[in-house]
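Q: Could you walk me through how to read the contacts, burial and pockets here?
A: Gladly; let us look first.

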Amino acid sequence: MKAIQNIVILTGAGISAESGVATFRGPDGLWEGHRVEDVATPEAFVRDPDLVQKFYDERRAKLKTVQPNAAHQALAKLDRTWAGELLLVTQNVDDLHDRAGSKRLLHMHGELNSAWCLACDARSPFDGVMAAAPACPHCHQPGCLRPDIVWFGEMPYQMERIEQALSNCDLFVSIGTSGAVYPAAGFVQTARYHGAQTLEINLDPSEGSFHFHESRMGKAGELVPGWVEQLLSHGLC
Ligand code: OAD
């Protein structure tokens with residue numbers, strides 16, 4: 001057992017599953033119904049922008065019907081009360097961590113509620129329908145907005161800050177991610193290399209499960225609140 005000061009938490013689609021947001025992989029996953037190459041690459045957007053916009057418009061509209069669950073709430077409580085360093089890195093493009101109240105939060109794969117203007121490069125909050133070709137709130141040019149989502153082949157956001165936090169943490173926790181997509185899937189190895197304890201909380205073992213010191217298998221909404229309470233009362237992993 002080791003006293004913990006600095007924490008990095010990585011979350012994936014599994015943490016939002018109990019809120020009713022579809023995960024990517026698995027029988028009912030988004031990538032079962034859609035080919036990644038059709039909706040999640042820059043090439044797809046050039047080829048068929050309308051299809052891509054509609055795919056993300058649907059996901060964005062769905063956000064208005066879902067709520068943060070007990071796992072999002074527990075991580076927000078940890079953020080409010082943890083005196084040491086903490087960075088919550090989410091691969092999720094939903095806003096459930098934000099709505100639960102997490103502040104030390106970074107969306108490495110972008111956000112559904114953000115628009116990126118290809119004409120002026122500005123990013124702005126957006127909760128409407130992009131397929132309707134609205135004007136950019138900054139440069140007012142119509143039809144130039146794309147979802148502010150990191151597609152396959154694009155660089156995830158704020159990697160330098162993430163690498164820095166990983167190299168400085170005592171505890172790395174991965175929640176609700178299949179470990180299928182890099183660079184996020186490699187964070188556990190970076191954290192371990194720098195001496196961190198590592199914990200995975202997931203419904204079933206991720207692809208890199210063997211890299212973790214400890215794995216807890218089950219639903220995030222059931223396991224994360226207990227883990228947070230354990231950490232807050234004992235300061236131990
Ligand atoms: P995946 O759909 O690949 O994996 C979700 C993981 O969550 C699986 O391992 C499930 O077993 C687990 N899971 C499901 N329900 C759960 C629950 N209630 N509690 C805990 N775990 C649960 O989603 P990600 O790993 O997030 O990238 O996918 C990574 C990236 O691949 C995404 O950010 C997205 C996708 O392509 C981009 O779009 C750039």
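A: A polar contact is a pair of N or O atoms within 3.5 Å; within protein, one must be able to donate a hydrogen and the other to accept it, and residues adjacent in sequence count only if both atoms are side-chain atoms. This is a predicted model, where local features need pLDDT of at least 70 and side-chain atom pairs count only at pLDDT 80 or more, while totals for chains, interfaces and linings use all residues. Residues are numbered from 1 along each chain as its sequence is written, and side-chain values use heavy atoms, with hydrogens and water left out.

Q: Which side-chain atoms lie close to an oxygen atom of the ligand, at 2.8 Å or 2.6 Å?
A: A polar side-chain atom of D204 is 2.8 Å from a ligand oxygen, and one of T177 is 2.6 Å from a ligand oxygen. The backbone takes part too: a polar backbone atom of G176 is 3.3 Å from an oxygen atom of the ligand.

Q: How much of the ligand does the protein bury?
A: Accessible areas come from the Shrake-Rupley method with a 1.4 Å probe; for residues, only the protein chains shown count as cover. The ligand exposes 790 Å² when taken alone, and the protein buries 92% of that.

Q: What kinds of residue form the shell around the ligand?
A: Ala, Val, Leu, Ile, Met, Phe, Trp, Tyr, Cys and Pro count as nonpolar, Asp, Glu, Lys and Arg as charged, and the others, Gly among them, as polar. By that scheme the shell has nine nonpolar, 10 polar and four charged residues.

Q: Is D170 buried or exposed?
A: Buried means under 20% relative accessible area, exposed over 50%, and partly exposed in between (1.4 Å probe, protein chains only). D170 counts as buried because its relative accessibility is 17%. A polar atom of the D170 side chain lies 2.7 Å from the backbone nitrogen of N6.

Q: And K64, buried or exposed?
A: K64 has 57% relative accessibility, so K64 counts as exposed. Its side chain still has a partner: a polar atom there lies 2.9 Å from the backbone oxygen of D127.

Q: Where along the chain do D170 and K64 sit?
A: Helices (H or I, at least four residues) and strands (E, at least two) are DSSP runs, numbered from the N terminus. D170 is in the loop between helix 8 (159-167) and strand 7 (171-175), and K64 is in the loop between helix 5 (49-63) and helix 6 (70-81).
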